[in-house]
Amino acid sequence: PSRAPPVGRPPARRAAGRAMKGAGAGPQQRRRAESVGMKTRTKVADDEASKKPAAAAISRPPRGPSARAVQCYLLLGTRLFQQSMRNALAPLLVFMSAEFDIGTSQKGTLLSAIAAGYFFTQVPGGALADKMGAKNVVTAALSLSALCCLAIPSFCDNFGIPGLWVTMALMGAVQGPLFPTSTVFLSRWMPRKTAGGTDEKAWGTSMLDIGISVGSLVIIPVANSLAAALGWRGAYHVIGLGSLAFIAVWQVLGAEEPGKCFFISEAELRFLEEHVPKAPSKASSEDAHPAANAKKPTTDWLGIPLRLAMHPGLWAVFVAHIAFNFGAYYMTNWNPTYYAEVLKVSPAEAKYHLMMPHVTNLASKALNPTLVAMVERRGYSLLASRRLFTAAGFIAAAVLVLPVHQLRFQSPWVSTVLFSLANACFGLAPSGFKANYLDITERYVGVVSGYGNTLGTVASWIGPQFVALLLQYLASWDVVLLSVAAVNCLAALNYIRCSTVTPIELDISEVSVAPGQMEMTATAAKRS
């Protein structure tokens, strides 16, 4: 029958059909010609598929055994053990207080000891990671931290509470590089957002914060159970040895960058080489701009040009980090004391109440990728998404913590529910200002992260002492909770007003950037 071929019929097949039909060929010849046409179509399709970029093959969030997913899970483990060693003191102080005379003021000083050590090593640690490799810095920091954990009982027995403070401060000093180093590590594995893809930077920072939540959650029952069975000294020994065992796993499987990973697929390697910003080479930059040497004094003493360091978008992230540490670590540090002294809950029962905020925080962080995808589908830009997650988390947490002390005469579970919901709101931070660390610069990731976490550490150091001061002179938990809420709200307003996702390098002319690097950064800004 004389019937036109369907629209979707391949051109090669239609041409062959018309030729055979015009020649009066029989069914067998027509089938042979159609077979030739199908082979031609298959070859064309294969050629087109081979030309597609690797992004087509890997344009979804890391799932299954992808190399970058494994690296993020390993990084999650580093934060889990770091947080376990850091936060073990809060639950174990209850057991130590039975042996040593530790007052409220001393508790505040001890809880701020880690933060005191943080001050001096974060910026150097971030710069070291930029130059010597993030993996090596993480290995050294975790190893030294585990050794401090093992040494705490001996220092405490020989030197008393001052010995405990010094050891905790040393642990803080060696842990200081971990946050900026982790950010550098992520920057070398997490690709930019591709067309039709998802925000993998938010996913990566969520993994980091999930590690913090899991560590904070697990260490409460683990430390309490170990202390009940082995004493607080034995608890510290087990935590330190467990951390050393994980370091061995990290050293074997962790990779500095995709090209050094022994189990990455070729398709994923091509994709990451195309979409992950290359670490800038200082030597190549100087070769391209010989005049840059004259400007070194304005850039090298801070590790970042002064004008960039004062950028409002950068300080929006820094202030948010300060507020986050003040509010989130208030609950970690002071909730054990609040439940024991205000709500009169025994340590055996309190561990369940103290775990719940970390459970909800972990659940919130696990939902972050889904929430980010939902926001993207609604048409929010990357900047709007960062602002939404940051402001919503801070303001909702402020509203929830305010009435806690007023409801102290109710069941302890009322306070637990409010604390838990507030900590769930803090769990939105990885998709907000924390992911913004990877947006705001591509050239100074380690240095910027080091400064940001150092300023956040100011809140972690001053916060416990500030709370102790308020309790000592005003004896008011209401004032303490009001201060947390006020700081959160002010930080949220500032972030909404000043935040940006454009790399701040584009806003300064005197920084020397090689032409290829500037073109790459400009392309990223355009995508944002």
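**Exercise 1.** In this predicted model, determine which residue forms a salt bridge with arginine 68, and establish whether arginine 68 counts as buried or exposed.

*Solution.* Begin with the contact itself: arginine 68 pairs with glutamate 200, and their closest N and O atoms lie 2.7 Å apart, which is within the 4 Å required of a salt bridge. Next, place the partners along the chain: arginine 68 belongs to helix 4 (residues 67–87) and glutamate 200 to helix 11 (residues 200–253), so that the pair links distant parts of the chain, 132 residues apart. Then turn to accessibility, where buried means under 20% relative accessible area: arginine 68 has 0% and therefore counts as buried, and glutamate 200, at 3%, is likewise buried. Finally, look beyond the pair, since Arg68 and Glu200 are linked with Glu268 in a network of salt bridges.

**Exercise 2.** Work out which parts of the chain are linked by the salt bridge between arginine 233 and glutamate 99, and where the partners of the salt bridge between arginine 233 and aspartate 157 lie.

*Solution.* Take glutamate 99 to start with: its salt bridge with arginine 233 has closest N and O atoms 2.5 Å apart, and it joins helix 11, which holds arginine 233, to the loop between helix 5 (89–97) and helix 6 (104–111), across 134 residues. Continue with aspartate 157, whose side chain meets that of arginine 233 at 2.7 Å, N to O; here arginine 233 in helix 11 is linked to aspartate 157 in helix 9 (residues 134–175), 76 residues apart. As a last step, consider accessibility: arginine 233 is partly exposed at 25%, glutamate 99 is partly exposed at 45%, and aspartate 157 is partly exposed at 44%.

Note on methods. Residues are numbered from 1 along each chain as its sequence is written. This is a predicted model: local features need pLDDT of at least 70, side-chain atom pairs count only at pLDDT 80 or more; totals for chains, interfaces and linings use all residues. Side-chain values use heavy atoms; hydrogens and water are left out. Helices (H or I, at least four residues) and strands (E, at least two) are DSSP runs, numbered from the N terminus. Buried means under 20% relative accessible area, exposed over 50%, partly exposed in between (1.4 Å probe, protein chains only).
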